[in-house]
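User: Hi! I am new to reading protein models, and I would like a close look at one part: the place where the two chains meet. Could you walk me through it?

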Amino acid sequence: MDEPNFSFLFAAYAAIWVLLFLYIANIARRNRALQREIDELRELVERQDTSSQPRPHDG
Amino acid sequence: MPNVRRLFDFIVGPLTGLTMLAAIYMVFVYVPTDKFQGIVQRIFYFHVPAAIITFVAFGLVAVASAMFLWQGTRFWDRLAHSAAECGMLFCTIVLITGPIWARPIWGTWWTWDARLTTTLILWLIYAAYLMLREFSASGDQAARYAAVLGIVGVIDIPIINRSVYWWRTIHPAVLITRQGGTGLTDPRMRATLLVSFIAFAFLLSWLIWIRNESARLQDEADQLQQHLLTGHD
């Protein structure tokens with residue numbers, strides 16, 4: 001096996017896997033953060049909707 | 001929608017992993033070493049499919065952008081944005097692995113060859129597209145400007161494809177040579193390239209799916225915030 005050229009082959013495939021890994025990890029992190037944010041917002045919306053409903057003795 | 005989710009989570013995702021493992025096995029174990037270029041020729045088995053998948057992704061950006069301009073629905077805009085980001089990833093892979101192959105074969109990392117230059121232009125066009133999306137105020141007008149750029153940018157793809165025939169170039173034609181044959185003489189080389197291409201096709205569809213999910217979640221979060229601020233959607 002030609003040693004110097006093997007390093008080029010290694011570098012090319014390492015670059016591909018590093019790029020793919022970073023991209024997928026970034027999307028996964030973003031999706032987790034968004035899902036958390038949506039859960040919190042849903043809770044706030046529910047609380048807002050409940051508090052804005054008229055109570056039985058009002059009016 | 002749940003059926004599509006199941007399709008991508010339980011079929012496309014695992015198929016991506018399996019075909020990618022098969023491609024890696026074929027590239028490093030199965031395929032014979034090229035007589036003239038030696039071991040670095042194995043870079044081609046990921047470089048060439050990445051280039052073709054780049055064209056597919058940017059082609060999808062153009063189609064989805066045209067559909068968005070026609071119908072104005074967020075679905076097409078999200079798809080265009082997701083495909084553009086994935087296309088940029090594959091185009092970056094092409095522009096990194098190409099010079100790594102070129103250094104031992106041509107003796108230089110980069111040359112202003114027609115195919116290399118037009119590919120770099122493609123990368124710059126879609127980098128501009130993503131910057132436009134990132135830094136302009138959100139809303140329909142920014143999405144429409146981006147859609148126009150997404151459609152115009154795709155014009156570069158046939159130019160890249162024909163560049164090896166239109167101009168004097170040192171870039172090799174791997175799939176179809178100028179004589180009409182193929183640059184891959186051994187059938188095992190063609191099989192390896194085919195499996196790598198299938199793996200990259202699955203990878204693109206899976207990446208677009210997860211990126212599109214991200215955009216969909218962002219839209220949902222925006223709608224909930226809007227609801228909190230105004231009291232209605």
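Analyst: Happy to! Let us begin with a word we need: two residues are in contact when they have heavy atoms within 4.5 Å of each other. Please keep in mind that this is a predicted model.

By that rule, 36 residues of chain B are in contact with 28 residues of chain A. Putting the two chains together buries about 3100 Å² between them, and carbon and sulfur atoms give 78% of that area. On the side of chain B, the residues that lose the most area to chain A are Ile39(B), Leu217(B) and Leu228(B), which together make up 20% of what that side buries.

Next, the charged and polar links. Two salt bridges are counted between chain B and chain A. In a salt bridge, the side chain of Glu85(B) meets that of Arg30(A), with 3.7 Å from N to O. That distance fits the rule because the cut-off for a salt bridge is 4 Å. There are also six residue pairs in polar contact across the interface of chain B and chain A, with both partners at pLDDT 80 or more.

Which helices of chain B each supply at least two residues of the side that touches chain A? They are H1 (2-30), H2 (44-71), H3 (74-106) and H7 (187-230) of chain B. The largest share comes from H7(B), with 15 residues. Sorted by kind, the residues on this side of chain B are 24 nonpolar, six polar and six charged.

While you have the model open, look along chain A as well. Arg36(A) sits in helix H1 of chain A, which covers residues 3-52. Arg36(A) counts as exposed because its relative accessibility is 52%, and the cut-off for exposed is over 50%. From Arg36(A) to Ile16(A) there are 20 residues in sequence and 31 Å in space, C-alpha to C-alpha.

Finally, you may wonder about covalent links. A disulfide is a covalent bond between the sulfur atoms of two cysteines. Over all chains, the count of disulfides is zero. Why does Cys86(B) not form a bond with Cys91(B)? The closest cysteine sulfur to that of Cys86(B) is the one in Cys91(B), but it lies 13 Å away, so it is too far for a bond; the cut-off is 2.5 Å. Both cysteines are tucked away from the surface: Cys86(B) counts as buried at 0% relative accessibility, and Cys91(B) is buried with a relative accessible area of 1%.

Key. Residues numbered from 1 in each chain as written. Chains lettered and ligands numbered in written order. Predicted model: local features only at pLDDT ≥ 70, side-chain atom pairs only at ≥ 80, totals over all residues. Heavy atoms only, no water. Buried area = accessible area lost by both parts, 1.4 Å probe. Polar contact = N/O pair within 3.5 Å; in protein donor to acceptor, adjacent residues only side chain to side chain. Helix = DSSP H or I, 4+ residues; strand = E, 2+ residues; numbered from the N terminus. Nonpolar A, V, L, I, M, F, W, Y, C, P; charged D, E, K, R; others polar. Buried < 20%, exposed > 50% of the residue type's maximum accessible area, 1.4 Å probe, protein only.
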